[in-house]
Amino acid sequence: MNTVLITGATSGIGLQLAQDYLAQGDRVVVCGRNPIALSEFDNVGDKAETLQFDVTNTAATVNALAEMRSQPNIWIFNAGNCEYVEQGLLDAELIRRVFDTNFIGLVNSLQAAQPLFKSGDQVVVVGSISSEVALPRAEAYGASKAAVSYLARTLQMTLAPKNIKVSVVYPGFVKTPLTDRNTFEMPMIVSAEQASRAIRRGIEKQSAYIYFPARFTSILRLIGVLPYRWQNLLTQKLLKG
Ligand SMILES: NC(=O)c1ccc[n+]([C@@H]2O[C@H](COP(=O)([O-])OP(=O)(O)OC[C@H]3O[C@@H](n4cnc5c(N)ncnc54)[C@H](OP(=O)(O)O)[C@@H]3O)[C@@H](O)[C@H]2O)c1
């Protein structure tokens, strides 16, 4: 039986992962800010521990993990947010908010969790396929996820001698409250159930890189090897609206 810690487990992909790990008999440590969503796990008894903290707050994140009773062997760092930049009009506050949650939030979570990592543990970092090619309006989100991807790939090397495997997840579009706000067409969007299945399968296989859905992420990865000028033309065609 695994004990799986999941940040951002009160909604979307993280919530689906928590429910699915519970359903397959594992224990979960459910992390998030929303107290009502966290209390939904009260009725599963000692199969779930809930931790309420804001990943952008270093002290709160360190304290929450230091007080955790469980000993996870799978750590899924999934908390994240998305805000788009309109017509290239940069807004430092918006970019700071996105980086604070997606990148500094990940750093805070890793800093808090690192003293608890054991040989054989698996660390899973949820990035985005948007980090692999420049996408329209994703100046803040894509850049934050590129930083996430770089950090995770570096950790793959530095944690390997401690026998800790790091997987990086590159999802395409997934139907969640985060993408329900989008007004543009999202090609080949998948459900949170499909996302959870792909991530759990990747973790089970100890895959270093988990891409899904296969067709959409393959197209973007293929575009990603072309000259930048061609990349921009093709991604604008793929993501209209
Ligand atoms: N949906 C997609 O198409 C897609 C595609 C690529 C990558 N992703 C990535 O997948 C991850 C999950 O996204 P989702 O679509 O499932 O989004 P979601 O439904 O909006 O869920 C986001 C989760 O992150 C938590 N969170 C956000 N800010 C937080 C903070 N400051 N402190 C603690 N927790 C915080 C939220 O919990 P609380 O509100 O309780 O704090 C919530 O549980 C994100 O990293 C996202 O970038 C999603």
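Let us start at Pro-213, which sits in the loop between β7 and α8 (214-223). This is a predicted model, and in it the peptide bond that runs from Phe-212 to Pro-213 is cis, with omega near -10°. In general, most peptide bonds are trans, and most residues other than glycine have a negative phi. With that second point in mind, turn to Gln-87, a residue other than glycine whose phi is positive, near 50°. You will find Gln-87 in the loop between β4 (74-77) and α4.

Go back to Phe-212 for a moment, as it also takes part in the second largest pocket. Phe-212 is among the residues nearest the centre of that pocket, together with Gln-194, Ala-198, Arg-201 and Tyr-211. In total, 13 residues line the second largest pocket, and its volume is about 250 Å³. Two elements each give two or more residues to this lining, namely α7 (192-204) and β7 (209-212). Which of the elements gives the most to it? That is α7, with five residues. By residue type, the lining of the second largest pocket divides into seven nonpolar, three polar and three charged residues.

Now to the ligand. Its surroundings comprise 30 residues, and the closest of them are Thr-10, Ser-11, Arg-33, Tyr-141 and Thr-176. Tyr-141 is worth a look in the viewer: an N or O atom in its side chain lies 2.6 Å from an oxygen atom of the ligand. The side chain of Lys-145 also places an N or O atom 2.9 Å from a ligand oxygen. Gly-80 uses its backbone instead, with a polar atom 3.5 Å from an oxygen atom of the ligand. How much of the ligand does the protein bury? Taken alone, the ligand exposes 880 Å², and the protein buries 93% of that.

Which elements give two or more residues to the shell around the ligand? They are α1 (12-23), α5 (139-159) and α6 (177-180). Of the elements, α6 gives the most, with three residues. As for residue types, the shell holds 12 nonpolar, 15 polar and three charged residues.

Next, look for enclosed space inside the protein. Rolling a probe the size of a water molecule over the atoms shows where empty space is left. Here the count comes to two cavities of 30 Å³ or more, and the largest cavity holds about 80 Å³ of space. The lining of the largest cavity is made of 14 residues, and those closest to its centre are Phe-77, Asn-78, Ala-79, Asn-102 and Leu-106. At least two lining residues come from each of α4 (92-113), β5 (122-126) and α5. The largest share belongs to α4, which supplies five residues. Helix α5 thus appears twice in this tour, in the lining of the largest cavity and in the shell around the ligand. The cavity lining divides into seven nonpolar residues, six polar ones and one charged residue.

Finally, step back to a longer stretch of the chain. UniProt, in an unreviewed entry, lists residues 2-167 as "domain: Ketoreductase". In the model, this span is 42% helix and 16% strand. The C-alpha atoms at the two ends of residues 2-167 lie 16 Å apart.

Note on methods: Residues are numbered from 1 along each chain as its sequence is written. This is a predicted model: local features need pLDDT of at least 70, side-chain atom pairs count only at pLDDT 80 or more; totals for chains, interfaces and linings use all residues. Side-chain values use heavy atoms; hydrogens and water are left out. A residue is near a molecule or strand if one of its heavy atoms lies within 4 Å of it. A polar contact is a pair of N or O atoms within 3.5 Å; within protein, one must be able to donate a hydrogen and the other to accept it, and residues adjacent in sequence count only if both atoms are side-chain atoms. Accessible areas come from the Shrake-Rupley method with a 1.4 Å probe; for residues, only the protein chains shown count as cover. Helices (H or I, at least four residues) and strands (E, at least two) are DSSP runs, numbered from the N terminus. Ala, Val, Leu, Ile, Met, Phe, Trp, Tyr, Cys and Pro count as nonpolar, Asp, Glu, Lys and Arg as charged, and the others, Gly among them, as polar. On a 1 Å grid over the protein atoms alone, a cavity is a set of points where a 1.4 Å probe fits but cannot get out, and a pocket is an open set with protein on both sides within 12 Å along at least five of seven lines; lining residues have an atom within 4 Å of a point. Grid points are joined across faces, edges and corners, and a volume is the space filled by probe spheres set on the points. UniProt positions are given in the numbering used here, feature names are shortened, and annotations may be inferred rather than shown by experiment.
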